[in-house]
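Hi,

Here is the structure I promised to pass along. Have a look at it first, and then read on for what turned up.

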Amino acid sequence: MQLNSSFKQSESFSLTKEPNPEEPEIDKEAEVTLTKPSLPASTGEGVGIYIGQRNNSLAFQKSEELQKTLLSHRHERQLVILQDFPDPDALSCAWTYQLIAQQYDIKCEIIYAGTLSHQENIALVKLTGLPAQRWTPQTLKGKDLSSYQGFILIDNQGTTSQLLSAVQQAGIPLVAVIDHHSLQSELKADFVDVRPYVRATATIFTQYLQSGLLGLDSSISHHVKCATALMHGLRSDTNRLMQAQEEDFMAAAYLSRFYDAQLLNAILQANRSKRVMDVIERSLKNRIVQNNFSIAGVGYLRYDDRDAIPQAADFLVTEENVHTAVVYGIVHDEDDELEVVIGSLRTTKLTLDPDEFIKEAFGQDSTGRFFGGGRTGAGGFEIPMGFLSGGNENSAYARMKWEVFDAQIKQKLLRLVNPKDNPIQSE
């Protein structure tokens with residue numbers, strides 16, 4: 001079912017606008033109204049399920065299902081788990097869920113295991129006061145997880161979080177999964193809303209807001225900041241709305257009534273660090289271009305500089321005669337002696353599916369888990385180095401290890417890019 005057609009056919013929504021032929025400038029925004037009773041009070045008691053006019057819209061159906069799920073979990077304490085390196089889409093949606101859940105006396109803690117290294121992500125959290133916390137696997141060991149009655153996965157399905165296994169081992173049940181990436185595996189949760197055809201999870205959460213799960217108020221500071229974060233998430237995952245579809249534009253139109261344009265501009269103006277510029281320089285120096293694919297290995301990076309890889313891919317894909325860029329490197333955490341190959345793909349080619357391309361290129365591990373995946377226009381992969389992690393004090397060994405991984409990744413990518421060529425040339 002196509003969501004955009006459902007919105008057109010829905011009689012529950014009415015777009016009203018006063019025509020004024022004498023004023024060519026539009027100074028009044030279209031208002032979207034939904035026939036529904038008042039939303040639950042902050043105590044969560046006496047909540048009525050939305051009983052407005054029903055239709056076949058998936059957005060309405062999912063909003064109603066989420067409300068029922070929240071009702072059944074009133075007064076609980078939950079963990080909202082994001083991917084290890086959360087992006088604006090994940091961060092903004094987690095905050096929105098937290099605000100919605102508060103109406104049911106559900107207390108949420110938003111957590112991630114990695115780091116915020118992209119300058120825009122750091123600015124987003126600092127300037128809005130977005131309540132996300134870094135919990136490493138070591139941090140988790142010191143936490144009393146028995147006080148949590150459920151956990152939520154937002155903008156991921158658990159495959160990109162180090163925290164998932166510990167939370168599952170603690171016996172905490174999965175309450176909800178809300179994501180726009182392709183389905184990774186069978187998910188057993190009270191509520192599942194996975195829509196791969198939607199460009200951003202922020203669009204899904206904005207539809208929840210439009211259906212009345214939370215009434216945004218432009219006089220409430222954290223509502224304005226959350227709407228600004230959602231607009232940033234939507235803008236980020238749709239490549240500045242250039243890949244947006246009808247439902248994304250409708251979501252942006254709704255958020256335009258509440259977000260702070262100056263605050264968003266301040267977030268977007270965050271400067272790239274010198275380390276990020278160094279990684280972009282390395283990607284330019286090391287790239288090879290075949291069949292309009294630009295492929296670059298950038299060597300070793302600190303754990304805190306991991307987000308330089310997708311920024312380098314964003315840069316390389318802008319080169320003339322390049323439609324797809326893949327950048328990868330070995331990211332190492334000195335504290336935990338952990339190493340992982342991390343890569344990002346960016347493409348402007350409409351017929352290239354990043355999810356299929358990455359899964360075909362790198363396959364699965366012994367448990368059947370894919371090393372990566374993607375969405376429209378973008379993808380990523382993470383390959384643990386296991387036994388080969390560490391030992392980089394010896395520069396000759398570190399160089400040899402990188403050369404092996406670099407050659408193997410190129411071989412797997414070029415097998416798809418140019419099957420006739422063998423990237424490993426014999427001497």
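**Helices against the sheet**

This is a predicted model, and I'll begin with the helix packing. Helix H2 (residues 58–72) lies across strand S7 (174–179) and S8, and runs at about 150° to S8. Helix H7 (residues 201–210) lies across S6, S7 and S8, with an angle of about 115° to S7.

The strands they cover belong to an open sheet of 6 strands, in the order S5-S4-S3-S6-S7-S8 and with parallel pairing. At the edges sit strand S5 (132–134) and strand S8 (191–194), each of which pairs on one side only. From one strand to the next, the twist averages 25°.

If you want a place to zoom in, try the pairing of strand S3 (residues 77–81) with strand S6 (residues 150–154), which is parallel and has 4 bridges. There, Ile-81 has Leu-153 in S6 as its bridge partner.

Now for the nonpolar side of things. Which residues touch the most other members of the largest nonpolar core? They are Val-80, Leu-82, Tyr-97, Ile-154 and Tyr-208, out of 55 residues in that core. Helix H3 (residues 88–102) gives the most to this core, contributing 9 residues.

Tyr-97 is a nice one to click on: leaving aside neighbours within four places in sequence, its contacts are Leu-66, Leu-70, Gln-78, Val-80, Cys-108, Ile-152, Ile-154 and Phe-205.

There is also a second, separate core of 21 residues, with Ile-330, Ile-383, Ile-409 and Val-417 among them.

Happy browsing, and best wishes!

Methods
Residues numbered from 1 in each chain as written. Predicted model: local features only at pLDDT ≥ 70, side-chain atom pairs only at ≥ 80, totals over all residues. Heavy atoms only, no water. Pairing = 2+ DSSP bridges. Helix = DSSP H or I, 4+ residues; strand = E, 2+ residues; numbered from the N terminus. Axes fitted to C-alpha atoms, helices over the stretch in contact; angles between N-to-C directions. Contact = heavy atoms within 4.5 Å. Core = buried A, V, L, I, M, F, W, Y, C linked by side-chain atoms within 4.5 Å. Buried < 20%, exposed > 50% of the residue type's maximum accessible area, 1.4 Å probe, protein only.
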